[in-house]
Amino acid sequence: MIGTLLRRVVSLIVVLGVVISATFFLIRLSPGGPFDAERKIPEQIEKQLLAKYKLDGTLWEQFTGYWGDLLQGDLRLSTKYRNRSVNEILAQTLPVTFTLGAISFLLATTLGVWLGTFAATRHRRAGDTIAMLAALLAISLPSFVIGPILILVFALDLRWLPVGGWGTPMQVILPAITLAAPYVAYIARLMRSSMLETLNQDFIRTARAKGLAERVVLWKHALRVAILPVVTFMGPLAAHLLTGSIVVETIFHIPGAGGFFVHSIQNRDGFLLGGVVIVYCVLLVAFNLAVDIAYTLLDRRIELND
Amino acid sequence: MTEPGLCKQLSRNPSAVAAVGILTIIVILALVGPEVLPASYREPGPDQYSPPSWAHPFGTDLNGRDLMFRVLSGTRLSLLVGICGAAISLILGTAYGLVSGYVGGRVDQIMMRGVDILYSIPRLIFILVFINAFNATLEQFAAERNWVWLVDYSRIAILIISLGVIEWLTMARIVRGQVLAIKSRTFVLAAQALGQSHLRILLRHILPNLLGVIVVYLTLTIPAVIIDESFLSFLGLGTQAPRASLGSLLADGASAINPVRSFWWMILFPSAFMALTLLSLNFLGDALRDALDPRAKN
């Protein structure tokens with residue numbers, strides 16, 4: 001198992017290398033530089049600027065130079081927010097994005113698992129039908145539809161919660177619901193079908209025959225097996241949440257990394273853009289590895305092998 | 001091949017009937033609406049942010065443009081991107097799944113591991129970088145050759161291609177699973193024994209048996225692509241003004257939110273069209289899956 005794990009780590013590192021290199025070339029080879037402006041900058045100054053931001057030299061020199069800095073943990077300087085390094089900007093904004101993402105992740109998984117199990121135990125009855133209709137509705141409503149409507153209703157009309165911003169627990173509620181809602185629904189559907197399948201299996205009948213309480217059968221015996229598809233989905237879920245938080249941060253004016261990502265594209269701020277993409281990819285790849293390990297710990301029948 | 005009783009099965013499912021009805025209405029409105037509305041509705045007018053009235057049933061926006069015209073033409077664009085993007089993902093996913101499932105063995109393992117890895121990187125973020133890098137290049141390319149049509153549509157063309165390129169993974173997985181099940185059936189073995197080429201077996205014997213599943217996931221990919229496109233347009237990185245899609249209209253609505261006056265119609269109408277389109281496509285896809293792919297049913 002250690003061997004396969006090592007092999008997996010190596011393949012993920014290769015993937016990261018490809019993604020980072022591709023990002024670099026996409027940014028560097030697109031027409032238009034960060035210092036293009038209406039007014040032409042004097043040649044001498046432009047030269048100094050390019051040297052300061054390490055944008056001089058051949059493409060190959062820039063590429064190897066960038067990798068050298070990356071391996072030392074330096075994401076370089078932002079060309080838009082002069083004199084601020086990408087590391088600094090990310091250190092300020094990532095904790096915000098992570099807090100929002102982690103809360104939504106917990107919300108989506110716990111609520112989704114609970115709802116799906118609830119629907120499965122009431123298979124083909126009113127509770128099941130209503131829960132699954134609600135789930136399909138939530139899957140069909142993307143965050144940029146739910147968010148503004150939640151603001152209209154709960155912030156502007158009822159005035160229960162703040163419109164946006166960041167810092168108090170009250171300000172987290174609406175964004176977290178907006179971000180998590182479609183995934184609560186998706187996980188509930190996933191959980192329902194896998195729970196229905198599990199409940200039909202022999203070991204559940206054995207557990208019931210032993211006279212165990214239904215609660216114990218459901219939450220101790222069945223859940224452990226039925227939750228596996230949800231665990232598999234956790235990796236993609238993290239990717240979806242990171243992507244989705246860009247929109248949610250925009251809607252609720254949250255000072256996370258998402259806003260900087262959008263602006264860095266508009267401003268041709270190459271190193272900031274690259275920094276966000278690279279950090280997101282590294283984190284997701286690491287998270288996926290953790291999920292893989294959790295999966296094998298949960299399900300002894302499966303050995304990591306490929 | 002679709003089974004003979006498909007229409008009958010669907011017509012017995014009330015949510016599927018409703019979904020088809022709503023979809024038909026939306027498509028007709030989106031196709032016909034922008035053509036028959038008065039020409040003055042396309043232009044900015046004197047009434048800024050006026051609430052719904054008889055002259056402007058959906059109200060007007062910041063520039064006094066009629067919101068009904070903008071919502072209907074936005075729906076048209078979103079549907080166009082959704083359908084074309086899904087078609088591209090269909091071709092890519094089916095080809096990948098066919099090869100992976102048919103060849104099998106180590107190749108299959110490596111190809112599916114690749115899909116797993118792609119699932120876990122933030123594809124939309126990466127593709128955003130790609131779109132914005134490549135768009136300027138394509139515009140330059142088209143301008144140098146004086147291809148006016150492409151200059152106008154270069155961004156939409158790139159959007160469609162990129163979204164097709166990121167949404168094919170599910171299709172590939174499903175097709176591969178089906179191919180694995182089909183390829184050991186006797187009619188495929190018979191074709192192999194007769195010495196038919198692999199390409200011919202794939203296209204003439206295996207592919208026709210996949211049509212049902214492919215139709216189901218095509219129906220489910222269209223809403224996914226529409227959501228992706230709206231996501232990009234919402235951030236101002238997809239469709240560019242003055243052209244509008246549902247996503248950019250929602251962005252306009254969201255940016256007009258303020259505590260003093262709420263321009264609710266700018267959020268309500270684009271949201272309603274978006275939600276109805278996505279809901280009916282998802283309902284239809286689910287109903288088709290129940291009818292065509294009994295194993296996916298619980």
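Start with the contact map of chain A in this predicted model. Take the contacts between residues at least 6 apart in sequence: 73% of them join residues at least 24 apart.

Next, colour chain A by secondary structure. Twelve helices appear, and zero strands. Step through the elements from the N terminus: every entry in the run α-α-α-α-α-α-α-α-α-α-α-α is a helix.

Now show the C-alpha atoms of chain A alone. Along the principal axes, they fill a box of roughly 85 × 60 × 30 Å. Then colour by burial. Chain A has 306 residues, and 38% of them count as buried.

Bring chain B into view. Select residues 143–157 of chain A, which form helix 6, and residues 246–255 of chain B, which form helix 10. How do these two helices pack? Two packed helices are described by the angle between their axes and the distance between the axes. Here the axes come within 10 Å and cross at roughly 20 degrees. Helix 6 of chain A is therefore roughly parallel to helix 10 of chain B, as angles under 35 degrees count as roughly parallel. The crossing of helix 6 of chain A and helix 10 of chain B is left-handed.

Show side chains at this contact. Which residues make it?

- From helix 6 of chain A: A:F144, A:V145 and A:P148.
- From helix 10 of chain B: B:G247, B:L250, B:G253 and B:A254.

Finally, colour that selection by residue class. The contact of helix 6 of chain A with helix 10 of chain B has five nonpolar and two polar residues. No charged residues take part in this contact.

Notes: Residues are numbered from 1 along each chain as its sequence is written. Chains are lettered from A and ligands numbered from 1 in the order in which they are written. This is a predicted model: local features need pLDDT of at least 70, side-chain atom pairs count only at pLDDT 80 or more; totals for chains, interfaces and linings use all residues. Helices (H or I, at least four residues) and strands (E, at least two) are DSSP runs, numbered from the N terminus. A residue is buried if 20 or more other C-beta atoms lie within 10 Å of its own, exposed if 12 or fewer, and partly exposed in between; C-beta atoms are placed from the backbone. Two residues are in contact if their C-beta atoms, placed from the backbone, lie within 7 Å. Axes are lines fitted to C-alpha atoms, for helices over the stretch in contact, and angles run from 0 to 180 degrees between N-to-C directions. Angles under 35 degrees count as roughly parallel, over 145 as roughly antiparallel, 65 to 115 as roughly perpendicular and the rest as oblique. A crossing is left-handed if the near helix is turned anticlockwise from the far one by less than a right angle, and right-handed if clockwise. Ala, Val, Leu, Ile, Met, Phe, Trp, Tyr, Cys and Pro count as nonpolar, Asp, Glu, Lys and Arg as charged, and the others, Gly among them, as polar.
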